[in-house]
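Here are my notes on this model, written for someone opening it for the first time. Please read them with the structure in view.

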Amino acid sequence: MRTYLVTGGAGFIGSNYIHYMFRKYDNEIRIINVDKLTYAGNLENLKDVENRDNYTFVRADICDKDAIEKIFAENDIDRVVHFAAESHVDRSIKNPEVFVQTNVLGTAVMLNAAKAAWENADGTFKEGKKFLHVSTDEVYGSLPDDGESYFYETTPYSPHSPYSASKASSDMLVKAYMDTYHFPANITNCSNNYGPFQFPEKLIPLMINNALSGKDLPVYGEGKNIRDWLYVDDHAKGIDMVQEKGKLFETYNIGGHNEKRNIEIVNIIIETLLEILPDDDPRKKNVSKDLIKHVEDRKGHDLRYAIAPDKIREEIGWEPETMFAEGIKKTIKWYLENEEWMKNVTSGAYEKYYESMYSGR
Ligand code: NAD
Ligand code: DAU
């Protein structure tokens, strides 16, 4: 039975990936999820799988070399899928250090531990071992608003935020391990994900949550910035396909040709909420476009991201399956049906975060 070590599996994409993998492989695989449980990690995301015999959770920091080496020593790990990271751009602008710590040093710890466990005496690697580093399209910088330029795997790196600089650094480390040691790895650079279990510091769940409680909808600047949105299950599938069908040592961009301006997203959320909510739901009266408030822009705000997913389509046969109209409805319905989840994650520390990030904006 193949054993996966997933880092950051209690976060948004990691937990969706674990669900996807158990749906697809059921008892054919074993997953060990290592997560520090920062503010973004939530074991409630994994309630459905926590009692499986082929699932283990280990609470550990990826920067803790001893803890990570112990996991490799005690288990014959076949695949690493490395999600764990500080992931929010706004937080990186306020407090960059932890991004360097986790995203760069943590990745170095993961690479070293996997290399030590997988390397043969002659410097080759044991058959079938693979490391997948989950990264972002933000490493490529920003595109003009021309509707025709795209990020390709060959686009030079040009990160702007401390978050994207730390992810670019971690990508470079993975590339260095592949070039220097022939370490068996892949890198995926994906566009903006949306779907269930996303922490409401990110645009889509933040707007859903605020609209339902009648709070302002803080659109940065004019709201004209463009992101390329991908339903999270499609990302999970892409990661699995890259590990199974991709060529080792290659980078694959994952994205859905689904560009939207932020203001469009906010309008779609309000319209969808008004369409889905029954008239007798007390939350419906809060929902209105009047809540939209244009606030101070993000510092160094990248204008446009857009992935050209040609390579992953042509070499691997991956294509996005969820149309945005369907995916956003599914996502909004999930948040409506999981009010308790939202209440739990927005109590306490979230309120302080929200206050520090948005008061005075
Ligand atoms: P997230 O913030 O929801 O989850 C991150 C997870 O990592 C959390 O469970 C957290 O507890 C864990 N973590 C953080 N620091 C850790 C540490 N030091 N040790 C162990 N665990 C730690 O993030 P996400 O949105 O799910 O993103 C996952 C990965 O995908 C990240 O590497 C991110 O850069 C990348 N990515 C995200 C998107 C997106 O749209 N969200 C798009 C492309 C790539
Ligand atoms: O492109 C992939 C990246 O997408 C990932 O690597 C990151 O981990 C992920 O957080 C995401 O980064 P963004 O900065 O694009 O996502 P965010 O949801 O923070 O913002 C999306 C857009 O919405 C961005 O242009 C900023 C804007 N925004 C965001 C928030 C939170 C607002 O206008 N108002 C807000 O309150």
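1. A definition comes first. The bend at a residue is the angle between two fitted axes: one through the seven residues ending there, the other through the seven starting there. Keep in mind that this is a predicted model.

2. Now apply that to helix H4, residues 97-118. At Gly 106, H4 bends by about 25 degrees. The helix has 22 residues. From first C-alpha to last, H4 reaches 31 Å, close to the 32 Å expected at 1.5 Å a residue.

3. Where does H4 lie? It lies across S1, S4 and strand S5 (130-136). Its direction runs at about 165 degrees to that of S5.

4. These strands belong to an open sheet of seven. The order is S3-S2-S1-S4-S5-S6-S10, and the pairing is parallel. Strand S3 (55-59) and strand S10 (251-254) are the edges, each pairing on one side only. On average, neighbouring strands are turned by 20 degrees against each other, direction ignored.

5. Look at the S10 edge. Strand S6 (residues 185-190) runs parallel to S10, and four bridges join the two. Which residue of S10 is the bridge partner of Thr 188? It is Tyr 252.

6. Helix H1 (residues 12-25) also lies on this sheet's strands. It crosses strand S1 (2-7), strand S2 (29-35), S3 and strand S4 (79-82). Against S2, H1 runs at about 170 degrees.

7. There is also an open sheet of three strands, in the order S7-S9-S11. Its pairing is mixed. The edge strands are S7 (192-194) and S11 (259-261), and each pairs on one side only. Here neighbouring strands are turned by 50 degrees against each other on average, direction ignored.

8. Within that sheet, strand S9 (residues 226-231) pairs with S11 in the antiparallel sense, over three bridges. Arg 227 stands opposite Lys 260 in S11. Helix H7 (residues 232-245) packs on the sheet and touches S7 and S9. The direction of H7 makes about 75 degrees with that of S9. Helix H8 (residues 262-276) lies across S9 and S11, at about 85 degrees to S11.

9. Last, a helix pair. How do H10 and H11 pack? Helix H10 (residues 324-337) and helix H11 (residues 339-346) meet at an angle of about 75 degrees, with axes 5 Å apart. The two are therefore roughly perpendicular to each other. H10 contributes Trp 334, Tyr 335, Leu 336 and Glu 337 to the contact, and H11 contributes Glu 339, Trp 341 and Met 342. By class, five of these residues are nonpolar and two are charged, with no polar ones.

How values were computed: Residues are numbered from 1 along each chain as its sequence is written. Chains are lettered from A and ligands numbered from 1 in the order in which they are written. This is a predicted model: local features need pLDDT of at least 70, side-chain atom pairs count only at pLDDT 80 or more; totals for chains, interfaces and linings use all residues. Side-chain values use heavy atoms; hydrogens and water are left out. Axes are lines fitted to C-alpha atoms, for helices over the stretch in contact, and angles run from 0 to 180 degrees between N-to-C directions. Angles under 35 degrees count as roughly parallel, over 145 as roughly antiparallel, 65 to 115 as roughly perpendicular and the rest as oblique. Contact means heavy atoms within 4.5 Å. Ala, Val, Leu, Ile, Met, Phe, Trp, Tyr, Cys and Pro count as nonpolar, Asp, Glu, Lys and Arg as charged, and the others, Gly among them, as polar. The expected span of a helix is 1.5 Å times one less than its number of residues. Two strands pair if DSSP finds at least two bridges between them.
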